[in-house]
Amino acid sequence: MTVEQDVDQELAAFYQDLDVVDLAPLWTITEQLLTPVPQPKSIPWLWRASTYVPLAERAIKLVPIERGGERRVLSLRNPGLGGRPYAAGTLWGAVQCLGPHESAPAHRHTPGAIRFVISGEGVFTTVNGDACDMRAGDLVLTPGMAWHDHSNTTGHNMLWFDGLDLPMVEALDGIFFEPHPDLNQAVDGEHNRSERQYADTCRRYATGSVQTELDPTPSPLLIYRWADTDERLRQEAGKQSGAPSVAVEYINPRSGASVLPTLACGVQRVFAGQHTLPVRRTGNWIYVVRAGAGHSVIDGQRFDWETGDMFVVPSWSAVEHHAAEQADFFTLSDTPVLRALGVHREQALDTPQAVTGTFTPR
């Protein structure tokens with residue numbers, strides 16, 4: 001046996017001994033751990049409204065809401081995550097559906113959540129006693145450990161988008177859940193208390209996105225109306241005449257930070273016949289098409305979308321948007337956490353991406 005063969009045998013035995021006692025040599029896995037750029041497991045994906053709406057209606061017929069089920073929710077399951085029910089590695093995205101005159105039981109949990117109404121009205125979400133009436137395009141917050149339940153007062157179905165930081169809180173081993181002692185919590189006074197409290201403030205939106213402000217507490221304003229958001233977008237369009245798109249982020253009226261410590265919510269409007277240049281960002285993004293039609297290019301792949309569709313852009317994926325008609329996106333991201341940790345990066349690209357393929361939905 002040569003000296004080299006002898007060393008190889010000793011090294012193999014050494015690695016085996018390390019494995020037995022659950023130790024791992026860094027020098028064999030450095031390239032897997034310290035990659036040149038982010039390598040998310042989630043992949044760009046799109047869920048069509050024409051697919052999920054009929055399935056949500058079937059769920060209303062087939063799956064009653066009762067204790068044990070808590071919520072009738074269809075989660076966005078990213079194929080890159082090995083069957084886990086998450087839209088991206090840090091973000092939960094879902095469609096919640098409530099049938100006529102139904103109530104989803106009250107509970108609370110450490111993950112923070114947002115609701116963006118896809119269609120309908122007549123439902124209210126009660127958050128710590130404040131009943132927030134929901135209409136299409138409205139954003140409702142349910143901060144971590146806030147009691148919340150949903151009630152439908154109409155004879156029609158109601159659908160909304162649920163966004164949570166659940167995967168992030170799970171990764172931190174910080175999940176707590178508690179059912180309310182009653183089916184529904186008591187409503188404290190008239191509906192929309194926080195909205196009335198902050199009726200006189202104009203500090204509800206940041207142009208583009210929040211850049212510096214951070215706040216470990218959630219926004220005390222629990223509901224943001226689409227009419228106000230639309231008006232702010234119109235104002236931005238007037239200020240940025242000729243721009244292909246404008247964007248705003250919903251903010252905490254007290255601090256100017258993102259609405260939740262872990263989640264940023266915004267709306268981007270791309271004008272008819274216009275397109276944006278590609279941008280890469282650290283962190284994951286979910287887009288909900290509030291209105292319009294067009295396509296986005298994500299890492300060279302074309303994704304055609306229309307009103308109600310949802311798609312995910314994983315961390316550091318290049319994304320650009322092309323609007324065949326004026327389009328509004330509601331966006332959800334984990335940007336506040338990356339900014340707080342000092343690892344948020346953004347890179348604008350100078351030219352559109354070459355399209356190498358077209359996404360085919362299932």
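This passage walks through two open sheets, a hairpin and the largest pocket of a predicted model.

Start with the six-stranded sheet. Its strands come in the order β2-β3-β10-β5-β8-β13, the sheet is open, and the pairing is antiparallel. The edges belong to β2 (73–75) and β13 (223–224); each has a single partner strand, so one side of each is left without a neighbour in the sheet. Further in, β3 (residues 92–98) and β10 (residues 158–164) run antiparallel and are held in register by seven bridges. One of the pairs here is Leu98, whose bridge partner in β10 is Met158. A helix also meets this sheet: α3 (residues 49–62) lies across β2, β3, β5 (113–119) and β10, and runs at about 50 degrees to β3.

The other open sheet has five strands, ordered β7-β6-β9-β4-β11, and its pairing is antiparallel as well. Here β7 (130–135) and β11 (177–179) are the edge strands, each pairing on one side only. On average, neighbouring strands of this sheet are turned by 25 degrees against each other, direction ignored. At the β7 end, six bridges link β7 to β6 (residues 121–127) in the antiparallel sense. Glu121, for its part, has Arg135 of β7 as its bridge partner.

Next comes the hairpin of β17 and β18. These strands are antiparallel, with six bridges joining β17 to β18 (residues 301–306). Ile298 finds its bridge partner in β18 at Gln301. Two residues sit between the strands of the hairpin, and Asp299 takes a positive phi near 50 degrees. β18 has a further pairing, this one parallel, with β22 (residues 357–358) over two bridges. In that pairing, Arg302 is matched with Thr358 of β22.

β17 turns up again at the largest pocket, which has a volume of about 730 Å³. The lining counts 36 residues, and those lying nearest the pocket centre are Gly208, Ser209, Ala247, Arg281 and Trp285. Several elements give two or more residues to this lining: the strands β14 (245–250), β15 (264–270), β16 (279–281), β17 (285–298), β20 (319–333) and β21 (346–348), along with the helix α7 (335–341). As for the chemical make-up, the lining has 16 nonpolar residues, 15 polar ones and five charged ones.

Technical notes: Residues are numbered from 1 along each chain as its sequence is written. This is a predicted model: local features need pLDDT of at least 70, side-chain atom pairs count only at pLDDT 80 or more; totals for chains, interfaces and linings use all residues. Side-chain values use heavy atoms; hydrogens and water are left out. Two strands pair if DSSP finds at least two bridges between them. Helices (H or I, at least four residues) and strands (E, at least two) are DSSP runs, numbered from the N terminus. Axes are lines fitted to C-alpha atoms, for helices over the stretch in contact, and angles run from 0 to 180 degrees between N-to-C directions. On a 1 Å grid over the protein atoms alone, a cavity is a set of points where a 1.4 Å probe fits but cannot get out, and a pocket is an open set with protein on both sides within 12 Å along at least five of seven lines; lining residues have an atom within 4 Å of a point. Grid points are joined across faces, edges and corners, and a volume is the space filled by probe spheres set on the points. Ala, Val, Leu, Ile, Met, Phe, Trp, Tyr, Cys and Pro count as nonpolar, Asp, Glu, Lys and Arg as charged, and the others, Gly among them, as polar. Contact means heavy atoms within 4.5 Å.
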